[in-house]
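Trainee: Got a minute to walk me through this one? I'd like to start with what counts as a touch between residues.

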Amino acid sequence: MTISDADFNRLVQFVQGNYGIDLTQKRQLITGRLSTAIKQRGYQSFSDFVTHLLQTKDNEEITLLLDKLTTNYTFFMREKEHLDYFCHNIIPEIVRRHQRDKTLAIWSAGCSTGEEPYNITMFLLDYLGAQADQWDTRLLATDISNRAMTAAKKGVYELPDTIPTEWKRKYFTPLPGGQFQVSQKVRNNVIFQPFNLMDPIRFRRKFDVIFCRNVMIYFDQPTKDALVQRFYDATLPGGYLLISKSENLSANTPYLRLAPSTFQKK
């Protein structure tokens, strides 16, 4: 199924305007990933689908669109050097800072299928050890993909070799067929919530740490800059923003760069 220039432009503008995702160079991706799905839903052409989408803002069709066009590729221990910095430098600092209230505020923005927030939780539990039960370490994990969020809440995975053997014992339950489910304790520590990063950030608390890794690769520069400013406003003084190795912030970012892909609110 082909898409006309006019319908391609209408779809690109809708997705970028509402979700920040830049599809201007993704025409082949759009036709490749959507053609079969929209035929199965009874549309005769891309024009019919785009017109219906723009006129009705149908939630089911928006879900289809976002699930098909976002990759949701992630895995445990992704960019391990990055996580090591978080474990050895950031966790001790924020724990020291919150010795009185014993409450941490961490956000995994664009959490995909859940490996990242569960990974963060395991590092926190390891660091706090026997004191973990005295702390509120519940972290927020958000994504725009309903499909990804459903998988994340189940917490069932095929584990890579990079998962420490001790973690497999402490934080996972083996299932038939070789898969593992994240333990109830770890799953209870993550609050999954759908959220569009283009929306105003109005959560109850400001954050000690925001992870937003391999998300801004989908955005153009003005969209990235605006999102980073919203992150900055939603971060506590001295708080941190962690992005991926493949991303960087503008030279005029309000954040102070500490290490590769790691920034702190001045």
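Mentor: Sure. Contact here means heavy atoms within 4.5 Å. And keep in mind that this is a predicted model.

Trainee: OK, so which residues does Ile62 touch, leaving out those up to four places away in sequence?

Mentor: Phe14, Tyr19, Leu53 and Lys57. Ile62 itself sits in helix H4.

Trainee: Is Ile62 buried or exposed?

Mentor: Buried, because its relative accessibility is 10% and the cut-off for buried is under 20%.

Trainee: How far is Ile62 from Lys206?

Mentor: Their C-alpha atoms are separated by 30 Å, and the two residues are 144 apart along the chain.

Trainee: Let's talk cores. Which residues touch the most other members in the largest nonpolar core?

Mentor: Trp107 and Phe231, out of 46 residues in that core. As a general point, nonpolar side chains tend to be buried together in soluble globular proteins.

Trainee: Which elements give two or more residues to this core?

Mentor: Helices H1 (5–19), H2 (27–40), H3 (46–56) and H4 (59–69), along with S1, S7 and H10. H1 gives the most, with six residues.

Trainee: And what does Phe231 touch, again skipping residues up to four places away?

Mentor: Trp107, Ala109, Leu197, Ile201, Ile210, Cys212, Leu241 and Tyr255. There's also a second, separate core of 38 residues, which includes Cys87, Leu104, Leu159 and Tyr240.

Trainee: Ile210 is on that Phe231 list. Which residue stands opposite Ile210 from the S1 side?

Mentor: Trp107 stands opposite Ile210 in S7. Strand S1 (residues 106–109) and S7 run parallel, joined by three bridges.

Trainee: What about S8, which residue there is the bridge partner of Ile210?

Mentor: Leu241. S7 and strand S8 (residues 235–242) are also parallel, with four bridges between them.

Trainee: How does the chain cross from S7 to S8?

Mentor: Through helix H10 (residues 221–233), in a right-handed β-α-β crossover.

Trainee: How many residues of S7 are buried?

Mentor: Five of its five, so strand S7 (residues 207–211) is mostly covered, given the under 20% cut-off.

Trainee: Switching to the other sheet, what's the strand order there?

Mentor: S3-S5-S4, three strands in an open sheet with antiparallel pairing. Strand S3 (156–157) and strand S4 (172–174) are the edges, each pairing on one side only.

Trainee: How many bridges are there between S4 and S5?

Mentor: Three, and the two strands pair in the antiparallel sense, with S5 covering residues 180–182. One pair to look at is Thr173 with its bridge partner Gln181 in S5.

Trainee: Now helix H7. Which of its residues are buried?

Mentor: Ala148, Met149 and Ala152, within a helix that spans residues 146–154. Seen down the axis of H7, these buried residues fall within an arc of 95°, so they line one face of the helix.

Trainee: What do they pack against?

Mentor: Helix H6 (115–128), strand S2 (139–143), S3 and strand S6 (190–194).

Trainee: Which residue just after H7 has a positive phi?

Mentor: Gly155, at about 65°.

Trainee: That one's a glycine. Which residue in the loop between S1 and H6 has a positive phi although it is not a glycine?

Mentor: Ser112, with a phi of about 55°. Ser112 counts as buried, because its relative accessibility is 6%.

Trainee: And over in the loop between S7 and H10?

Mentor: Asn214 lies in that loop, and its phi is near 60°, again a positive value in a residue other than glycine. Asn214 is buried as well, at 15% relative accessibility.

Trainee: Back to the S1–H6 loop for a second. What does the side chain of Thr113 make a polar contact with?

Mentor: The side chain of Glu115, at 2.7 Å. Thr113 is placed in the loop between S1 and H6, and Thr113 is buried, with a relative accessible area of 17%.

Trainee: Great, that gives me plenty to look at on screen.

Terms used
Residues are numbered from 1 along each chain as its sequence is written. This is a predicted model: local features need pLDDT of at least 70, side-chain atom pairs count only at pLDDT 80 or more; totals for chains, interfaces and linings use all residues. Side-chain values use heavy atoms; hydrogens and water are left out. Two strands pair if DSSP finds at least two bridges between them. Buried means under 20% relative accessible area, exposed over 50%, partly exposed in between (1.4 Å probe, protein chains only). A crossover is right-handed if, with the strands pointing away from the viewer, the path from the first strand over the helix to the second runs clockwise. The arc is that of the directions from the helix axis to the C-beta atoms. A nonpolar core is a set of buried Ala, Val, Leu, Ile, Met, Phe, Trp, Tyr and Cys residues joined through side-chain atoms within 4.5 Å. A polar contact is a pair of N or O atoms within 3.5 Å; within protein, one must be able to donate a hydrogen and the other to accept it, and residues adjacent in sequence count only if both atoms are side-chain atoms.
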